[in-house]
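Reader: I build simulation inputs, and I want a close look at a single part before going further. Please start with one strand, then work outward to the sheet, the helices and the metal sites.

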Amino acid sequence: MKRFAIAAALSSALIAAFAAADAARSDTSHVVDFASPDEVVEVQDALAPYHAPSGIQPDGSHWYLIKATNSALHASSRVLRAAQPPSVGFRLLPRPSRPAILSVASSDSAVSIENMSAYGRRAFRVIIPPATAVALAVQLANTGDPPSLMAWTEPALAAHNRQMAIFTTAVWALIAAAALIVCGLAVILGHAPARWAALTLMLVLLERLSETGLFDASLATGVGGPYGLMAMFAGLSVMAGIGLTNAIAPLHETWPPAARWFRHGQGAIAALSIFAYLGIPGMAVLADTFVVVATIAVAAYLIYRGWSGSQAARVSVPSATVFACVALASALATLGDSGESLAASAAGAFAAAAAMLLALAIAAGEGIAVLPFKSIAAVPPAPPQPDARPPVEMPARSGAAGSAMQAIGASHQGIFDLDFASDTVKLSREAAALIGLSEVHSRFNHGDWIGRVHADDRELYRRALADYREHPGLAFRIEFRVRSESGRYPWFELRATMLGEHAQASRCLGLLGDVTTRKESEAELLNQTLRDPLTGLGNRVAMMEELDQRGSRLADVTFALLDIDRFKSIHASLGDAGGDVILNQIAERLTKRFEGVAEVFRVGGDAFAIIFSRISSEPSAIGNELIDTCSAPYLLQGRNIFAPASVGVALGRDARDPLDLLKNTELALMQAKRLGGGCARSYSRELEMLAPGDAVTLETDLRRAIEDKQLDVYYQPIVRLSDGVIAGFEALLRWNHPVKGLVTPSDFIAHSEETGTIVALGRIALERAANDLGLWQRHFPINPPLFVSVNVSRRQLRDEDFGLFLGAVMHNAAIEPGSLKIEVTESAVASSQDMRAALDRCRELGAGISIDDFGTGVSSLSQLKDLPFDTIKVDQSFLARHKNPQSNADGDVVLKSIIALARDLRRSVVVEGVENEQDADWLKALGCEFAQGFYFSQPLPSADALKFIAMHFDMQSARSGVADVA
Ligand code: C2E
Ligand code: CA
Ligand code: CA
């Protein structure tokens, strides 16, 4: 049936062709000359519609007649091919297939007509014999009106086709390559932007392929034809492109409702594309129009987001723009009059370029999300925009950027983005959350941000940023505290890079991390190395550091060292816990008293250092203030405990460096100790002369002193206050040093107690004292007999042979029973039971026992009442306190009660440190029995002591037979 129709059509065409050939001879303007020098001839003008007798062809094709001639003297050949006319796809009802020549016939049997399948879309080779004019009948399908028909010379068509083949292959290859790169990324990373980009590029590739006719006459074009297929691929690629855009720069960030409508919109585009494919009337043209509008809109949106600071949007702008241009050019080509013009082919090339750009952008975008600093540094900064929103924007939340942000968030970090041009700080949601802020409050004016930084860290923060800003490209790290919403100040670490191409960075981008826990443990560690755990004061290291830090300002410093005089005894009687309480109270008193004026450190067991930041014109005033601070008793378990201290003060201006200052202060302190303690001394050059050598020399010196008999015993009178007579003496060791002269016990007793030399020293003192006493008693037989107290340290008492030695000494010297007393400190006897046994032993041997330095330890008299002692010696610090106008009256009350209690217990009381008549009178008024001190006499050599007794004995015997001193 179909064959018949074509045959009928052809025969009618041939008849018409003869008529046309005749007409051609008379009208040459619409004749196609096959011998024309033009390689391609547009046949359109030479086409005349021919209405076949059978009417419209059943396949919708049309017949046309062409008047053709060959003006050459040889046969001329041309290949006829239908061209794609404008607006062919742009119709409500798209044509089911492309324009094509279905058949060609000639009126002249000499004309050769061949079907040319080699040139793609059906082509026909027509050969016209020399100098012949013929009429050609051409059956065309799906052409425009008038249709576009080209007559090519064969070499030209071959060349054209070759070029087209190369060109299209290149375009496909590029787009395919881009698609594959991105597919690879999508598979590796699984990030949304890469996935959408891969889909977009695949669809663009398919659209390009269908454009070139690859799928023509296949099943794919069976439903809606090639134009339906193209419209579908174009529509779907735009749908994917919009998905990609949203993944890069989420639409809902600018237009919140988008979050809800986005998926529906994509679904609608997909539906439209499929309708176009199905050939539903109007759908293809709607889809094509949408493609043009949408690609332009996407490009515009990305430009806007890029302008507003979104880095990811910025890198995608070029490819989006090119795609928009491709769509626009194709649309113009379709609507315009250019037919199969350059614009359409150029569109392919541009599409390939856009595909490559997109692939690069996605690759870079992945870089951006994973490594924020580097890739952004590579992007030129956006030009400053005066009135727009600050040009800062966090990387996209979804996809690769999203996972990177999640990773950052999971590591308790967030993005910190400071733009110097707009002076704005933008925090990512994670960073804002670290400070306890919601995402809405994550944008600050930089000034406001600095206001949130802790006052102590503000200067450092400001300076660091200002300094680093001068070095674009520099990566740095700073730590500072920021006020959180809860009002706390957690520590943050900012690791950032200064970005910018110019001399000054334009932006600072980095990660903000909460490092509070680390900071706290660091502080804890620092505390452990610099803090005294007991009192919380700085330790010796901290003190030295503080002095070191003063630098040249060391000259302004007044430095004091304070040492508790008999802390060992306090510790021995109170134990660790009690000692700690006392130390804490001292620390508390000192810090309270000198708050804002000085800094207090605990630099040793019972030693404190005080740094005054100003020059004191009167170092001794400072020293006395310190003494006074420590003179009041400490309350422990309802009891008063006295812990007098010695103080050394030195001025920074007298020292070369901190160590020198420390040494000077130690000399002053040593001098205070040497003077009996409980007092303050300031440094002066003379003190250098008195400084003892180091411990080893001291020990060898001391041993030699014993051998060479450099040790001497001095006697200090003890006076009965009621009548002023000499009652006895305290024996005190002196060292006649060959170089240093007379050295007092405070410079060597403590040391010899440590080394054990005290045992030998103590024997010397005991033996001499006993012998001297025996002599005096024989010379001055008074009643009660003169006594001598000899200091005996704990170490001596523990010595196994001590009792034996004591017994022998007393026996040899033939002294009155009970008149040789041993003086032991309160802390020594209170500390242990074997001390008590030793004392009992001494007592049995006929020695008296005197408790020394009473009141400096912790025992109360009633606690000691079971001990076998006969005398207590109240420490001189009681008198010192009594005389100090600033100290309270506690000491007096305690002294009174001691005296009263001692009398009740029938024990004698000696108060030490009587330095003037008032002291003596006051004690006498209190009912104190004995007194000792410089007021009556300095410690005297034994010959002088003898003279002293003799003189007073004479005076006394002249009156009543006893020595009167006062
Ligand atoms: P101590 O037993 O408390 O001796 C009293 C100290 O106070 C003596 O210092 C004495 O010179 C001093 N002194 C006396 N009157 C006054 C005064 O009015 N005001 C002031 N501020 N001080 C006064 P010295 O002689 O330097 O003895 C220091 C310490 O050395 C003695 O303190 C004693 O604990 C120890 N010591 C002395 N000789 C011996 C000894 O033979 N054996 C032992 N184990 N220790 C000794
Ligand atoms: Ca003593
Ligand atoms: Ca004493």
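**One strand and its surroundings**

Author: From β19, the side chains of A607, A609 and I611 point one way, and those of F608, I610 and F612 point the other way. All of these residues are buried (buried means under 20% relative accessible area, exposed over 50%, partly exposed in between, with a 1.4 Å probe and protein chains only). In a regular strand the side chains alternate between the two faces of the sheet. With six of its six residues buried, β19 is largely enclosed by the rest of the structure.

Some ground rules come next. This is a predicted model: local features need pLDDT of at least 70, and side-chain atom pairs count only at pLDDT 80 or more, while totals for chains, interfaces and linings use all residues. Residues are numbered from 1 along each chain as its sequence is written, chains are lettered from A and ligands numbered from 1 in the order in which they are written, and side-chain values use heavy atoms, with hydrogens and water left out. Helices (H or I, at least four residues) and strands (E, at least two) are DSSP runs, numbered from the N terminus.

Now the partners of β19. Strand β17 (residues 558-564) pairs with β19 (residues 607-612) in the antiparallel sense, over six bridges. Two strands pair if DSSP finds at least two bridges between them. In that pairing, L562 has F608 of β19 as its bridge partner. β18 also runs antiparallel to β19, joined to it by five bridges. Here F608 is the bridge partner of R602. F608 is therefore a bridge partner of both L562 and R602. The link between β18 and β19 is a hairpin through four residues.

Step out to the sheet. It is open and has five strands, in the order β18-β19-β17-β22-β23, with mixed pairing. At the edges stand β18 (598-602) and β23 (680-682). Each has a single partner strand, so one side of each is left without a neighbour in the sheet. From one strand to the next, the twist averages 20°.

What lies across this part of the sheet? Helix α16 (residues 540-550) lies across β17, β18 and β19. Relative to β18, α16 runs at about 145° (axes are lines fitted to C-alpha atoms, for helices over the stretch in contact, and angles run from 0 to 180 degrees between N-to-C directions).

Another helix is α19 (residues 658-674), which holds N664. N664 is buried, at a relative accessible area of 1%. Leaving out residues up to four places away in sequence, N664 touches A650, D654, A655, Y683 and E688 (contact means heavy atoms within 4.5 Å).

Next, a helix pair. Helix α23 (residues 758-779) packs on helix α25 (residues 802-813) at about 25°, with their axes 9 Å apart. That makes α23 and α25 roughly parallel (angles under 35 degrees count as roughly parallel, over 145 as roughly antiparallel, 65 to 115 as roughly perpendicular and the rest as oblique). Among the α23 residues that meet α25 are R763, L766 and A770. The α25 side includes F802, F805 and V809.

Finally, the metals. The calcium ion (ligand 2) has protein donors E730 (OE), N791 (OD1), E823 (OE) and D852 (OD), lying 2.1 to 2.4 Å from it. Donors are N, O and S atoms within 2.8 Å of the metal (3.2 Å for Na, K and Ca); water is not among the atoms, so sites may look incomplete. Along the chain, the ligand 2 donors follow the spacing E-x60-N-x31-E-x28-D. N791 sits in strand β27 (residues 787-791) and E823 in strand β28 (residues 820-825), so the pair ties together parts that are 32 residues apart in sequence. N791 counts as partly exposed, at 28% relative accessibility. E823 is buried, with a relative accessible area of 1%.

The calcium ion (ligand 3) is coordinated by D852 (OD), D853 (OD), E912 (OE) and E912 (OE), at 2.2 to 2.5 Å. D853 belongs to strand β29 (residues 848-854) and E912 to strand β31 (residues 908-912); this pair, 59 residues apart, links distant parts of the chain. Both D853 and E912 are buried. D852 bridges the two calcium ions, ligand 2 and ligand 3, which lie 3.6 Å apart.

For scale, the protein has 32 helices and 33 strands. Buried residues make up 53% of its 966 residues.
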